[in-house]
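I opened the file and kept notes in the sequence in which I looked things up. The entries follow.

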Amino acid sequence: MNCTPTLADCLRGPSFARSVPEQIVPLRIGPLIVDPPVLQAPMAGFTNFAFRQIVREYGGAGLQATEMICAKGFAWRDRERQEVPDRLWGVREEPRPLAVQIWDNDPETLAHVGARLAHDFGVSVVDINFGCPVRQVSEKAQSGSYLLRYPDRMAAIIERVVRACAPTPVTAKIRLGCTRNQINACEVARVVEASGAAALTVHGRTAQDYFQGTADWDRIAEIRHHLRAIPLIGNGDLDSPAAVVAAFQRYPVDGVMIARASLGRPWLFRQVQAALRGEPIPADPSLAEQAECMLRHYDLLVQRFGAERGTVLMRKYACTYAQGRPGCRKFRARIATVSNASEFHEVVRECFPRDDHAVDFA
Ligand SMILES: Cc1cc2nc3c(=O)[nH]c(=O)nc-3n(C[C@H](O)[C@H](O)[C@H](O)COP(=O)(O)O)c2cc1C
């Protein structure tokens, strides 16, 4: 395998006062040790069991998370004695540590679902979503980022869920605030800790920002002074091992969380882990290896959902693997039409050829 120079080499210099390996220590979330302190973010529509399994096989993520799960829907299914939501695919059996994220605005509903996850499913962490800006969750269901306006309500939710889940740790994921004029993450952080949460993750944008602009890591850093003991996990725009190392060097965070950059690059966590250890960073897998990875991802989906639905679902994931690569548009157009395994295999074989020199599949 090719190796590029280590980040410790690349980043040596006056602007990087703290050295790489010494400063980065495992993160503690209640009784759980997260090592390395790099978390795979929850992403609705993406971080299902298949994605998590692929990330796990490459290694390097200290804690993985599910997609956010609608607590009301889960509770309703429990009452009706229906099967658990699709989004809990794999959760009972897969290796730990694993965090499951839930959303709603009702303390009792969240506590019921949190307790089920903690005690019946044995998950490692129950995370509560206070950051989702999507209208259906925020304005319509008055949940996710909507709740940032109501720290008292957040406190009631967290206290209740912490009690229901004990001894499983409960964490919170927030944005900086609802709008640029309503940034209140420091106040919210104090409330989150006082209510018994075991860690706080902050995406350095407001709900109004959605994904516009750049994540404001200075604002994330300010929160540090408002937490007494629980870890602060920074999130936003980390897209390379260098960016993660720089985040740890420049900002007083205990951990980091990576979301979009890992889509189609499930090996990123392994690269980040090497960088944090000051070791040579493994090169990206060859195109042929990436094709294998995609086919493995596809197999996992087909095993669960069958060939027809699995193929349709895989179209979206396949595009993430091609993202940013030459010929990506053509790949997307072709993959959008595949409807069975042989068509899928054919497009992958053509576009991710075994000959690594033929990188441009336009
Ligand atoms: C497609 C997609 C789905 C997401 N779903 C969730 C979710 O279910 N729960 C959550 O807390 N954040 C969710 N997020 C936000 C990410 O977890 C993360 O906070 C955000 O993308 C910023 O990190 P990044 O710059 O590394 O992508 C989602 C983001 C994307 C792009």
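In what order do the strands of the open sheet stand, and how are they paired? I noted first that the model is predicted. I then traced 8 strands through the open sheet, in the order S4-S11-S10-S9-S8-S7-S6-S5. The pairing is parallel.

**Edges and twist.** I looked up which strands close off the sheet. They are S4 (38–40) and S5 (64–70). Each of these has a single partner strand, so one side of each lacks a neighbour in the sheet. From one strand to the next, I read an average twist of 25°.

**Around S11.** I went next to strand S11, residues 255–258. In the sheet order S11 stands between S4 and S10. On the S4 side, I counted 3 bridges to S11, with the two strands running parallel. Gln40 is the residue opposite Ile258 of S11. On the other side, strand S10 (residues 232–235) is also joined to S11 by 3 bridges, again parallel. There I found Asn235 with Met257 of S11 as its bridge partner.

Which residues of S11 point one way, and which the other way? I have Gly255 and Met257 on one side and Val256 and Ile258 on the other. All of them are buried.

**S7 and S8.** I checked one further pair within the sheet. Strand S7 (residues 125–130) and strand S8 (residues 170–175) are parallel and share 5 bridges. Opposite Phe130 I found Ile174 of S8.

**Ligand.** I turned to the shell around the ligand and listed 22 residues. Those that come nearest are Ala41, Ala44, Met68, Ala259 and Arg260. Met68 falls in the range I have for edge strand S5 (64–70). By class, I sorted the shell into 11 nonpolar, 7 polar and 4 charged residues.

**Domains.** I looked up the domain assignment last. It gives the protein chain a domain 1 (3–282) and a domain 2 (287–351). Taken over C-alpha atoms, the centres of the two domains are 28 Å apart.

How many residues of domain 1 are in contact with domain 2? I found 7, and they meet 9 residues of domain 2. The side of domain 1 that touches domain 2 is made up of 5 nonpolar and 2 polar residues, with no charged ones.

Key. Residues are numbered from 1 along each chain as its sequence is written. This is a predicted model: local features need pLDDT of at least 70, side-chain atom pairs count only at pLDDT 80 or more; totals for chains, interfaces and linings use all residues. A residue is near a molecule or strand if its C-beta atom, placed from the backbone, lies within 6 Å of it. Ala, Val, Leu, Ile, Met, Phe, Trp, Tyr, Cys and Pro count as nonpolar, Asp, Glu, Lys and Arg as charged, and the others, Gly among them, as polar. Two strands pair if DSSP finds at least two bridges between them. Helices (H or I, at least four residues) and strands (E, at least two) are DSSP runs, numbered from the N terminus. Axes are lines fitted to C-alpha atoms, for helices over the stretch in contact, and angles run from 0 to 180 degrees between N-to-C directions. Domain bounds come from an automatic or database domain assignment. Two residues are in contact if their C-beta atoms, placed from the backbone, lie within 7 Å. A residue is buried if 20 or more other C-beta atoms lie within 10 Å of its own, exposed if 12 or fewer, and partly exposed in between; C-beta atoms are placed from the backbone.
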